[in-house]
Amino acid sequence: MLKKSSLALWGAALFVAWNGLLLLFLWSRPGGSGGGGGGSDDEPGRLTREVIRLAQDAETELERQKELLRQIRRYGAAWGNRRRLPPPPPPPPPTAPPSSAENVVLPVLVLACDRSTVRRCLDKLLRYRPSPERFPVIVSQDCGHAETARVIASYGDAVAHIRQPELADVAVPAEHRKFQGYYKIARHYRWALGQVFRSFRYRAAIVVEDDLEVAPDFFEYFQAAFPLLLADRSLWCVSAWNDNGKEQLVDAGQAELLYRTDFFPGLGWLLLAELWDELEPKWPRAFWDDWMRQPEQRRGRSCVRPEVSRTVTFGRKGVSHGQFFDQYLKFIKLNDRFVPFTRLDLSYLKKEEYERSFPARVYAAPEVRLEELQGNRRRELGAVRVQYTGRDSFKAFAKALGLMDDLKSGVPRAGYRGIVSFVYRGRRVYLAPPSDWTGYDPSWS
């Protein structure tokens with residue numbers, strides 16, 4: 001406003017000064033009003049011409065003054081608008097390619113029901129989340145549990161809260177009444193994944209349940225693995241979980257180590273929208289995770305899994321009534337060292353490279369007997385291999401070494417080509433079939 005007033009005063013002063021000088025000039029002319037005679041005969045004509053010239057100059061100057069005043073008014077109006085309007089928004093950041101590990105949007109879908117302890121899950125997700133824009137958190141709640149709903153609502157805009165609308169019991173066969181919870185979980189998964197991929201139209205999603213706690217590099221891990229999942233169609237998921245991830249069975253010093261596995265781990269996993277296009281039409285009514293492990297769904301594909309888990313479960317209470325929890329799950333080691341996965345070369349996990357290097361490393365390891373391994377003998381050999389030849393020998397060795405010994409459609413937990421990699425008394429061990437292995441036998445389940 002000060003600038004506008006100064007310009008107006010300056011223009012007005014210039015206009016008055018010019019016209020004052022013009023009048024002073026005319027009054028001071030010889031032979032003018034009040035003067036004596038003595039001028040030449042041509043004096044009136046010369047004076048007339050001079051007055052006409054001065055009048056023309058004055059008219060020209062007057063037009064200049066008018067233009068100056070018009071400019072002052074324009075600048076004054078623009079200055080006033082500039083003060084009244086908010087500043088323009090900054091230009092948007094450059095758009096990254098869809099496959100960029102640093103910029104892709106990966107929503108985290110949290111499946112919740114009646115556990116108010118979902119707070120533990122959400123607290124860690126929000127603490128370690130590097131960007132709300134790149135990792136929006138969507139909590140899908142089933143069951144209609146009021147206390148859990150209040151806990152979720154307490155996070156405000158930090159999470160999106162959606163509610164599964166069908167809360168009635170699912171019609172099940174009489175012999176499956178005790179499995180009602182598994183039917184409801186499958187129904188909830190189908191609805192929630194449909195919301196993420198159909199309503200919100202995300203390209204991919206990370207799925208966790210309300211009883212999982214995540215590691216500090218949980219987001220870094222999935223961000224780095226996403227391009228691998230896009231590029232290698234022999235992969236169908238990335239999981240944060242190692243089924244044999246008990247502290248004494250992993251090498252915490254190699255937290256950056258990742259594997260391919262033929263076993264679907266779940267418990268914090270990343271899938272693409274294309275996979276949901278494939279699975280949704282045939283989604284099961286119950287036991288969705290074991291259904292995922294069937295050959296008809298897996299179709300020879302693998303998942304990526306870590307040496308050290310990036311999730312742990314604290315939910316002993318649930319539809320499984322604590323199955324495996326006291327024996328295995330509560331002992332899983334949660335990674336506590338941040339690994340900068342986005343700066344690492346993960347190309348070794350692509351199928352062609354992995355097929356070339358991993359089996360060769362396994363079968364180059366010396367074979368030892370179970371008794372030698374348990375007796376901590378032959379330590380000089382470094383990494384070793386224990387060979388099983390059938391379902392029964394696998395289960396016996398796995399149980400003796402503290403591994404999970406169940407098989408799904410013939411696939412061992414954390415296994416790849418039948419090989420399970422783990423640590424036993426500080427040394428790397430491969431529990432492996434013979435080198436001429438030809439495939440899984442579903443009858444081993």
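**Entry 1: Arg-385 and its sheet**

I looked up Arg-385 to see what stands across from it. Arg-385 stands opposite Tyr-430 in strand 15. I am working on a predicted model. Strand 15 covers residues 427-432, and its pairing with strand 11 is parallel, over four bridges.

I then traced the sheet itself. It is open, has three strands in the order 11-15-14, and its pairing is mixed. Which strands are at the edges? They are strand 11 (384-387) and strand 14 (420-424), each of which pairs on one side only. I also checked the turn between neighbouring strands of this sheet: on average 30°, direction ignored.

Next I asked what packs on the sheet. Helix 10, residues 351-364, does so, and it touches strand 11 and strand 15. The direction of helix 10 makes about 105° with that of strand 15.

**Entry 2: helix 4**

I moved to helix 4, residues 146-153, and listed buried positions. Thr-148, Ala-149, Val-151 and Ile-152 are buried. Why do the buried residues line one face of the helix? Seen down the axis of helix 4, they fall within an arc of 160°, so one face holds them. The general rule I kept in mind is that an α-helix has 3.6 residues a turn, so residues three or four places apart point the same way.

I looked for the cover over these buried residues. It includes strand 1 (108-112) and helix 3 (118-128). Strand 2 (137-141) and strand 3 (160-163) are also included.

**Entry 3: Gln-141**

I picked Gln-141, which is in strand 2. Is Gln-141 buried or exposed? Its relative accessibility is 3%, so Gln-141 counts as buried.

I checked for a polar partner. The side chain of Gln-141 makes a polar contact with the side chain of His-161, at 3.0 Å.

I also went through the contacts of Gln-141, leaving aside neighbours within four places in sequence. Among them are Thr-148, Ala-149 and Ile-152, which are buried residues of helix 4. Others include Ala-112, Cys-113, Ile-162, Arg-163 and His-188.

**Entry 4: His-188**

I followed that last contact to His-188, which is in helix 5, residues 180-199. His-188 has a relative accessible area of 5%, so I note it as buried.

What does His-188 touch, not counting residues up to four places away in sequence? The list is Leu-111, Ala-112, Ser-140, Gln-141, Asp-142 and Gln-164.

I took one C-alpha to C-alpha distance as well. His-188 and Arg-163 are 25 residues apart in sequence and 9.6 Å apart in space.

Notes: Residues numbered from 1 in each chain as written. Predicted model: local features only at pLDDT ≥ 70, side-chain atom pairs only at ≥ 80, totals over all residues. Heavy atoms only, no water. Buried < 20%, exposed > 50% of the residue type's maximum accessible area, 1.4 Å probe, protein only. Helix = DSSP H or I, 4+ residues; strand = E, 2+ residues; numbered from the N terminus. Arc of directions from axis to C-beta. Contact = heavy atoms within 4.5 Å. Pairing = 2+ DSSP bridges. Axes fitted to C-alpha atoms, helices over the stretch in contact; angles between N-to-C directions. Polar contact = N/O pair within 3.5 Å; in protein donor to acceptor, adjacent residues only side chain to side chain.
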